[in-house]
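This report goes through one protein model, from its strands to its empty spaces and its core. Keep the sequence and the structure in view while reading.

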Amino acid sequence: MNIRIFDHAEQVGQAAATIMAAQVLEKPAAVLGLATGSSPVPAYRQLIRMHQSGALDFSQVTSFNLDEYVGIPEDHPCSYHRFMQENLFGQVNIPSDNTHVPDGNGVNLEETARAYDEAIQAAGGIDLQLLGIGRNGHIGFNEPGDEFIWGCHVVTLTESTIDANKRFFASEADVPRKAISLGVGAIVAARKVLLIATGKDKAEAIRGAVQGDVSPRLPASILRTHPQVTFLLDRDAASLL
């Protein structure tokens, strides 16, 4: 595990964007696993700047997002489809057919989940998986539980996750209670994993992921089994290490 600590969140974003850009420059047809939430936004801003300056071409890139809420329209202000369009896809030249976000409105969500795993395999697997981390140690929407869930699946969100995400919605009651998420199997199958975390509210989860037991009770701890994982942290997130 490679851990790098920076003074502030903007530096974390710059470092993450640098690693992601290097992946695309090395392999123009890279398959990127992408994340949503506040943590990756600075990195996406940097990637957009690189593209707009002519330094980075996304025309051959394929992307797979980690997760999506169940039961809200794709154009909902809080959907991850819309988040990605506003924060990255709409401002770089990645072909829309090459971008993939789980469908949280399918008739058969279990079949949707299986098809998503199959699409990743058909694309050759993920070259670089970007992750954030929840306050309870979740990655994607893989919540703490009794066992690791390997495949893409529908998950019931914990109260901790609902509380953390309510700031994006009009009220806590509006936060969806279910999501469809890539499983830890696809995450750890990625050739490289990059986790970014900023803020003191992530410090406990980071300590557990880095120093605690590998346990489904703290899903991010599974990353310690990966041969090429990098944590990019600001000093607040790293404060308990």
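Helices here are DSSP runs of H or I with at least four residues, numbered from the N terminus. The model is a predicted one. With that definition in hand, a single residue can be placed.

**Two residues in helices**

Val-188 is found in helix 6. Is Val-188 buried or exposed? Val-188 has a relative accessible area of 19%, and buried means under 20%, so Val-188 counts as buried. Leaving out residues up to four places away in sequence, Val-188 touches Trp-150, Ile-222 and His-226. Val-229 lies 41 residues from Val-188 along the chain, and the C-alpha atoms of the two are separated by 9.2 Å.

Glu-204 belongs to helix 7, which covers residues 203-211. The relative accessible area of Glu-204 is 46%. Partly exposed covers the range between under 20% and over 50%, and therefore Glu-204 is partly exposed. Glu-204 and Leu-240 are 36 residues apart in sequence, while their C-alpha atoms are 6.8 Å apart in space.

**The strands**

In what order do the seven strands of the open sheet stand? The order is 1-10-9-6-2-3-5, and the pairing is parallel. Strand 1 (2-6) and strand 5 (99-100) are the edge strands, and each of them pairs on one side only. Within this sheet, strand 2 (residues 31-34) and strand 6 (residues 128-131) run parallel and are joined by two bridges. Leu-32 stands opposite Leu-128 of strand 6.

Strand 8 (residues 178-181) runs antiparallel to strand 4, with three bridges between them. Strand 8 also runs antiparallel to strand 7 (residues 153-156), and here the bridges number four. Individual positions show how strand 8 is placed. Ile-180 in strand 8 is the bridge partner of Glu-68, and Ile-180 is also the bridge partner of Val-154. Ser-181 of strand 8 stands opposite His-153.

Strand 7 has two faces. His-153 and Val-155 make up the covered face, whereas Val-154 and Thr-156 make up the uncovered one.

**Empty spaces**

Rolling a probe the size of a water molecule over the atoms shows where empty space is left. The structure holds one cavity of 30 Å³ or more. The table sets the largest cavity beside two pockets.

| Space | Volume | Lining residues by type |
|---|---|---|
| Largest cavity | About 50 Å³ | nine nonpolar, one polar, no charged |
| Largest pocket | About 630 Å³ | 13 nonpolar, 14 polar, six charged |
| Second largest pocket | About 160 Å³ | six nonpolar, five polar, two charged |

Which residues line the largest cavity? They are Met-20, Leu-32, Leu-34, Phe-58, Val-61, Ser-63, Leu-88, Phe-89, Val-92 and Ile-94. Leu-32 thus appears in this lining as well as opposite Leu-128 in the pairing described above.

The largest pocket has a volume of about 630 Å³. The pocket is lined by 33 residues, and Thr-36, Gly-37, Ser-38, Asn-165 and Phe-168 are the closest to its centre. Strand 4 (67-69), helix 3 (80-87) and helix 5 (159-165) are the elements that give two or more residues to this lining. Helix 5 gives the most, with four residues.

The second largest pocket has 13 lining residues, and those nearest its centre are Ile-120, Gln-121, Gly-185, Ala-186 and Ala-189. Helix 4 (109-122) and helix 6 (184-189) each supply at least two residues of the lining. Helix 6 is also the helix in which Val-188 is found.

**The nonpolar core**

The largest nonpolar core has 76 residues. Which of these residues touch the most other members? They are Tyr-44, Leu-47, Leu-88, Ile-139, Leu-195, Leu-223 and Phe-231. Helix 1 (residues 9-26) gives the most to this core, with seven residues.

Two of these names deserve a second look. Leu-88 also belongs to the lining of the largest cavity. Ile-139, leaving aside neighbours within four places in sequence, is in contact with Leu-131, Gly-132, Val-184, Ile-187, Leu-195, Pro-219, Ala-220, Ile-222 and Leu-223. Among these contacts of Ile-139 are Leu-195 and Leu-223, which are themselves listed with Ile-139 as core residues that touch the most other members. Ile-222 is a contact of Ile-139, and Val-188 touches Ile-222 too.

Technical notes
Residues are numbered from 1 along each chain as its sequence is written. This is a predicted model: local features need pLDDT of at least 70, side-chain atom pairs count only at pLDDT 80 or more; totals for chains, interfaces and linings use all residues. Side-chain values use heavy atoms; hydrogens and water are left out. Two strands pair if DSSP finds at least two bridges between them. On a 1 Å grid over the protein atoms alone, a cavity is a set of points where a 1.4 Å probe fits but cannot get out, and a pocket is an open set with protein on both sides within 12 Å along at least five of seven lines; lining residues have an atom within 4 Å of a point. Grid points are joined across faces, edges and corners, and a volume is the space filled by probe spheres set on the points. Ala, Val, Leu, Ile, Met, Phe, Trp, Tyr, Cys and Pro count as nonpolar, Asp, Glu, Lys and Arg as charged, and the others, Gly among them, as polar. A nonpolar core is a set of buried Ala, Val, Leu, Ile, Met, Phe, Trp, Tyr and Cys residues joined through side-chain atoms within 4.5 Å. Buried means under 20% relative accessible area, exposed over 50%, partly exposed in between (1.4 Å probe, protein chains only). Contact means heavy atoms within 4.5 Å.
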